[in-house]
Each structure stands twice: as C-alpha cells, then as structure tokens.
Number of protein chains: 2
Amino acid sequence: MKIRLKFFLLMTFVVFFAFSANSFPSKKIVQEYREKHERQILKEFMELLSIPNVSSDKKNIQKNAEFIKTMMEKRGIETRIMETKGNPVVFGELNNPQATQTYMFYVHYDGQPVDPEEWTDTQPFEPVLRPGKLIPGTHKPRPIPFPDPSKKIKEDWRIYARGSSDDRAPIIGLLTAVEALQNAGVPLKNLKFIMEGEEEAGSPHLEPFLKKHQDLLRCDVLFMCDGPAYYSGDPTLFFGARGITSMEITVYGPNTSVHSGHYGNWAPNPAVRLSHLLASMRDTDGRVKIKGYYDSVIPLTKAEKEALESIPSYEEEIKKNYGFSQPEQNWDSLLEAIQYPALNVNGIQSGWVGDQARTIIPPSATAHLDIRMVKGNEPEEMRQKVIHHIKEQGYKVVSRAPDKKTRMKYNKIARVVESEKGYKAYKTPMDSPLAQNVIQGLQEHTGEKPVLLPSLGGSLPIYLFHETLGIPIIGIPIANHDNNQHQPDENLRIGHLWTGIETYAAIIMREQE
Amino acid sequence: MKIRLKFFLLMTFVVFFAFSANSFPSKKIVQEYREKHERQILKEFMELLSIPNVSSDKKNIQKNAEFIKTMMEKRGIETRIMETKGNPVVFGELNNPQATQTYMFYVHYDGQPVDPEEWTDTQPFEPVLRPGKLIPGTHKPRPIPFPDPSKKIKEDWRIYARGSSDDRAPIIGLLTAVEALQNAGVPLKNLKFIMEGEEEAGSPHLEPFLKKHQDLLRCDVLFMCDGPAYYSGDPTLFFGARGITSMEITVYGPNTSVHSGHYGNWAPNPAVRLSHLLASMRDTDGRVKIKGYYDSVIPLTKAEKEALESIPSYEEEIKKNYGFSQPEQNWDSLLEAIQYPALNVNGIQSGWVGDQARTIIPPSATAHLDIRMVKGNEPEEMRQKVIHHIKEQGYKVVSRAPDKKTRMKYNKIARVVESEKGYKAYKTPMDSPLAQNVIQGLQEHTGEKPVLLPSLGGSLPIYLFHETLGIPIIGIPIANHDNNQHQPDENLRIGHLWTGIETYAAIIMREQE
C-alpha cells in the first residue's frame, strides 16, 4: 500500500508540473463565465435564501423544493419533486450520451432552526451581503446594498442568511458549474442530484426513500456536498464523516426547589450530582473515562495517517478565531482528535443563574450530550456504554420522570432519554481505485492539490447511502470553515463559492479517456 | 452549665404539671377572641396580601407601609413610616406604664420576586384559601370562596399568596395578639415594632437606619418574627440564624458556540470544566472539599448540643414530603447539618437542553453558589476560600468577562462575581438569663414546652441588630415549614397562624412579678 501511495504522490507531481495554469480549460472556462455572470449568480442564490427552510416549516419547505426544481430545469436537468412521509426530495438527472460514468450529488436544502433575536441586525431569511466577516463586539461590517455593476464583487464579501453555507451553497455552486460548462460546450458526465429536505431534523425518511428508489439512484459514486472546506480554502475532499447520537440525562434532588438555608447540607443537590456524574465521564482534556469507550474504534489506515500528516495545521488560526489559548490535550492535533469518538456536553441546566438566581436547592439538573462516533462505533452500543457508566455510579436509570414510589426507593436516580437516535460513521478507503481516480481528476482539472481528509469531524448520514445503494461516497465541502454553521449569523464567503464552482466543474467534466 | 440545664429541665416539668390547661389565661383569652373574630382576622390579612410587595416595586411597597400603619394604629400603636435611602421602615410603639421590660419585634413586609406563570392556577397577589395543601401533580385542593359565617374555618386550610408566610404572617399574628389581650384587659409589656421593606433585597439600608435610630430602638430583647416554626408545629424559639453570601462563577470555552462535530474532542468544553470545578469543591454528601472551609466554625456549646438532641426528628416526614429517599450523609441529622457552613449550588447553566438542545460546544458555563455560614465564619473569608480553591484548580480568576488578550494568555479562566455580599451568622447563648427568662415565660403562659433551636438553617440579618443595638436577639417563627418560602405557591397554614397568635400573646403579656 505504501508503494501505491508513493506512486500516487509521484504522479501528482508529474501531473502538476506537466500542465501550466491555462492548460486547465475547465477552470478557465468556469472563471470566465462566473466573472461575467456573478451578479446573476448571487441574485438567484439570494432569492433561494429568502425562502425560510426550517424542516418543520412545511409550507416553505415546499416552496424551496419548487424553487430548486425551477433552477434545475433552467439548466436542462430533468427534475421531479418526490414525496416522502416527511419533506420532499428534489431529484434531477442530466444524461450525456458519451459519458461512461454516473456521478450523483447529495445536498440538503433544509436548515437548522433559527432564533432571529440572536442574529446581528439582520433576519435569517433576509439575506444580506457584508463586506467582510462579522465578529460581534469587534468587527461589524455593515450590510451593503446589492451592488450595481460598477462595483466589483469581492471574494472576502459574505452572504449572511440561514442555509447560506449549510447547505444551500452547493445548490447554486453545482448548478452554476453545470451551466458554465454547458455554455462552453464542455461534455459532462452523467449526473444525478438528490436534494433532501430534512437533514437537520435527522433525516427520518431518507432510508425508506433510498430503499424504494435504488434503481433510480444507481451511480458510480455519490458526492456529499455539505460541510466546510478545509481552513486553507483549497478544494477539499473528505472520505468519511463521524456518526452521531445524542441523549439527555436528568438527575434528581427534592421534588421541588427547597430553601438552601433550611436544607443546605442535607437535601440532595442535583446540580452537584450532575457535576460529579459528568466529571466521572470525561476529563477536561477530551479523554472519555467511560469503560470501553474506545474499544470498537477501527484504527486509522496507513493512507489515512499519511494524509493527516500532509495537511497543514491551522490550529493557531482557529484558536485565535475562537479565542482560546489551549485546546483539549488528549489528542495530538485537531485533525487527529476528530478521528476518534467524542463525548460532548452540549448544555447543562439546573435552577437559575444571573438575575434570576435564587438561593435554593433545585429539584433536578439536566445535561444534553452528543456522541460523535467513528468507524466501528454503533450508536446503540455507545449509548449503552454511557448508560452502563451511569449505573456504575450508583444511579437507578429510568426513562421517565420518577414517580413518588421510585423516588422513595432509590437514592440516586437518572433519567436518560435518547434525544436523537442518530447514525454511525462512514469511511471510503482513500486508497481505493475510485477514490484515487476522483482525486486525480480533480487535480488535473484544477491544477491544484486538494486537501484530503480521511473523515470530517461533523456528522452526515453517509452510511445510509452506502448501505442502501452499495456505492462509495466522497465529500466535496465548499463552505468557509467560519460559516457559523448551526448558529446565528450563518454566512458564506463569496470566494469560497467561486472556488466551489470550479471544484464542482472539475468533478463533473466528462472523463477524457 | 450542665447542672443549670438540668435544673431548667426539671423546672419545666414542675411548671408543666403545676398548671392545668385553663390555668393559662392568655392562651384561653386569645383562643376565645380569635374564634369569635377569625373571619375578620383573615379578611384583614387577605387585604394586606393583595398588595404586591416585591422590594423593587416602590409604589406598592409604599402602599404596604401605609396599610400596615393603619393596621397598627387601629390597635393604638403609635406608628410612623420612616424613610431610608431604600424602602421605608414602619415603626411602632405601644407603651404600658407598669411594664419594666421593652420587647421589640422585627418583621419584614417585602417578599421575594414572583413569576406568576409558575403559580398553580392563582396569582401571587390575589390571595386564595385552599382547603388543604397543594401538591402539584398529586393533590390540588380547589380555592374556596371566602367562607360565609355558617362554615367553620379549619386549621388545615391554607392561604396562598406571596408573603402569606414570609413574612407578612407575623404582622397579622402580632397585631391580633395585641388586640386580643387589650380586649380582655390583660396588661402588656412595652412593645416596639420595626417592619423592614427590603429584607428580600438583602437589607441594603438597614444598618444605617439602625445606627441612626439607636435611641428609638432601645429595648431589652429583639424578637425576629420570620422563618418557619419547627416541623412539629409547636411554638418555636430560635437563638440564631446562619449567615449568607453568594457568588457566581463562569468558566469559558470558545468565544462562541462551535459545532460539536468539527471541534468535539478539541475545543475546550466549559460545561465539562464547570462540572469538574464544582465536583472538586464538594462531594455529593455535602462535605465541602475546599481547604479550610470548616476552620473558623465555632463549635456548638453543650447547651446547644443538648437542645439539638432533645428535639424530635421529622426527617422521615420531610424526606417523604420532598420525595427523596436519602439525604446528604456528611452530617448525622438535618438539625446538625444546619449548624455547619454549607456550599449550595443554586443553579447551573450552559448551552441548551431539552427542545432547545443544539449539538454544539457552548462558549461558557455558569454556576450560582450560596454559602450559608455559621458563627465564626466571615463572608469575605469564606468567599476568598472558594476563590483560592478555584485558583488552585489552575484557573485565572477575573471579575469581568475576559477580553481577547486574557483569553489568549490563560488556558483556564473563571469569572467570579459576588452576587450578594450578605452577612454573617448570629447566635444568642441559649443558657443566658435573658434566654432562660423568655423560654420560661412562653412555657408558663402557653403550658407547652417550646422547641428550642440553637440556629435556623436559613439566614436573617440578625447580627446587624446585635452589633448596632447591642441587644440579644431571639426568633419566634410561626409559619408552617412547608410554606413554599421563596417559591411559587407560597402559603400559610391557618392552624399555624392561630398558634402563632397564642405564642406572640404569651410573649407580650406583662411579666407578673
């Protein structure tokens, strides 16, 4: 395997030095087309972003699907809105007689829930352009009106709106790549597009959809168009993603708040109990102390280890961006850390703090935890390990709020609820012929060495596609890493969109052999 | 000292057996008067409870003061509303030429803030009678209209309203006792009344008031009329109260929420940090692990220890009431536990849980802590011990949210804010002649052995009176222990009010010697 990889690296350099910048017609064609049409591209994108896309908002989800169908049909893609028991899937096909390969692209058009109050001055579904990155309290570039043709659109500008990056950027990116190549008469592969409408709700109806439409969805490889590109901003491919499952734990004290003077030192304090329980589960350096937590992890392959080593570190920049001096220390690097399962405390709540604080012993304390899993981990197995650990700390584990009888029977009671069943991790071997072929193609057409990530830290329901359709999956993320994914002020950097269009174009061009 | 106490106990029995029930004229007089006027008593009380009494509500606080002044003047008490830099004090005097002793009574007429949403079906300032105790989810006795004279008012009924127990019950209790004895021509001691309007806001202007009016406030003993009577419902005296101070601790992770997939295992998780920090401070059995936390505690006297041993335990009932099977185990009993300093976690908050949960690493985690202090502990000393402990866990302690520079300089940062400066504990020696005299008087006039508590678990600014006026202080709490003090659905059991009136009457009767 090592010889193969060395050969590949050698080939990489041969290819790289054999072509000069203008030997890459796709990149040039796409750049020229984009430069001529950038206002039109952004205008169409902002129209899409104006449609609210929270999964539970059925009416607007339907509007999204219809708007996307129109966008696709404009590019000659044969499109249909396919119903599921939840939100519809927008499916499209673009066949090209000479093509021998069929590439399918997955995007989700729904977005995370929003709290408009938390957005800085603008509304989540009223997209605005800002001439730079918003840093609350530090830097607040004011929204600029949609620019007249005399003003050059700059790469550092950003579009602020829910779904601008996660995950509507790939929709405009892919369709613009198709359009640009079609316009120049460049032949394409056979293309399929599958756009899901409830990924942020946990993709509850994706599996039956995939099973039902196996024939329709047949392809050589599926590209997941989601997530952020590597920090360097270079074209990025990822070969897997962590899985996710989440749970909520509530521990109990008295059945109502009690006066901390009359009962302090005597009535059990659930906030203290929760602190001890969480502290017993993991240390402050990310090391999970739950028995067997790392047992089922499948070790990294040599190719994956070498890929990780070849990627430049952006840790200093990230720490500075996020304002902390030292990461958790259990793993050697961020890139290594996300190759292992994590136990994240997403939130804790008990009693009141701040202006609302009361001198009481609260009746309960709750923590929300997610488990990010890697290849080898099963969601049920991992949740059970956590539950087993809670039991080992002396807790009676229950699934509902304890009744009086249960309260009087057990000293320590923990209610554990599965918040999100979730799904496991997936990885495509980086050294498979298919993976090698895609890497090489991207490199040849763009003239750049892409960043190759064995796995994203984030989670995508990739395993579903793989298990149902039996195809390999590779990710092409294009968003800027600081896109505020899942948060207020979500944004997309324009330069990243431009690079994304070029990356997609390099992938969808018909193979020349 | 032991001999003295034994003598006292012996005397107790002698007194007890020497008098039969109708040998206690004050009790009988008061009972007969009360039985004839109970509707009128409750009506006046409910009128008072209808006036909102949250400290910050200046307009209504003034209304309270005026209403109370009218109530006092009706009983011939010379009353004035005395301004402070905060809420006014209502002060009254009732002199009786033959009396040789002056007893002063402290009450606060303000109440804890309210969240009407959390009250069960009724409003905090629309008092209602319920024919029993409200136990949410279990027992919900429906409000009954103010009873017509054909219906007997029952002792188990309760009045639900903010301030019904804490601390407006003593107002109606004291004034009814005065009225009943006056009506029967029973001579009284010299009486003074001091009614504060901002105790629940931390009594910020009490000290200057006391200093300014030392002459006016001269007396032999001050009775604190606040807090709950002992669980048995018997007349209760307490000889001290724990002090209180509180603080808020915030620890930090990234400067904004970050995606738990992309950064989980690497970005510092403040919820985990806070859990470890709190777990390092105390165990789940109430034992504080902070260095020197118990060093300044003045040990209990023999009299106090013996008093504690003589009080019947109500722990089984309390545990059943509050739905837990086992208290914290560090102290042998509830009565013992509250004689020692406590470190209570009142609330913790980080990120989101429940429906709002997001799969993120939150930017910060906050805990609100109160310290309940006993004799010997100083608020500043105790807070500093906690701060020292936080520093020993590797934290840079700051007083404001850290700026970028601080964030990049220190790995672990904790913001510690003093929420309530608070005040220290106070105790009157139980074996002092004054204390013995009061105990004996109460016993003689009611024919019952009162419950004698060396200290309440709760906090009252007693030390202030003692230090400023140089007088001993004894508490006479009359509210039911399950009054939901500081919580929604605060209530007063009618039977406790009746006993309270009898207890006050026994205290204010002129000494017969």
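Here is a short chat about how the two chains sit together and how some of their strands pair.

Biologist: Before I start, what kind of model is this?

Modeller: It's a predicted model.

Biologist: How do I read the relation between chain A and chain B, and what turn lays chain B on chain A?

Modeller: The idea is to lay one copy on the other and look at the turn and the shift. Here a turn of 180° with a shift of 0.1 Å along the axis puts chain B on chain A, with an RMSD of 0.1 Å. The two copies are therefore related as by a two-fold rotation axis.

Biologist: And how many residues of chain B are in contact with chain A?

Modeller: Contact here means C-beta atoms within 7 Å. By that rule, 81 residues of chain B touch 81 residues of chain A. On chain B's side, strand β11 (residues 342-351) gives the most, with nine residues. That side splits into 32 nonpolar, 37 polar and twelve charged residues. Also, 100% of the interface residues of chain B are interface residues in chain A too, so the copies meet through the same surface.

Biologist: In which sense do β11(A) and β11(B) pair?

Modeller: For pairing, look at the bridges and the direction of the strands. Those two pair in the antiparallel sense over five bridges, and G347(A) stands opposite G351(B).

Biologist: Which strands does β7 of chain A join within its own chain?

Modeller: Strand β7 (residues 221-224) runs parallel to β3 (residues 102-108), with four bridges between them; Y103(A) stands opposite V221(A) there. Three bridges join β7(A) to β19 (residues 473-475), again parallel, and F223(A) has I474(A) as its bridge partner in β19(A).

Key. Residues are numbered from 1 along each chain as its sequence is written. Chains are lettered from A and ligands numbered from 1 in the order in which they are written. This is a predicted model: local features need pLDDT of at least 70, side-chain atom pairs count only at pLDDT 80 or more; totals for chains, interfaces and linings use all residues. Copies are superposed by least squares on the C-alpha atoms of residues with pLDDT of at least 70 in both. Two residues are in contact if their C-beta atoms, placed from the backbone, lie within 7 Å. Ala, Val, Leu, Ile, Met, Phe, Trp, Tyr, Cys and Pro count as nonpolar, Asp, Glu, Lys and Arg as charged, and the others, Gly among them, as polar. Two strands pair if DSSP finds at least two bridges between them.
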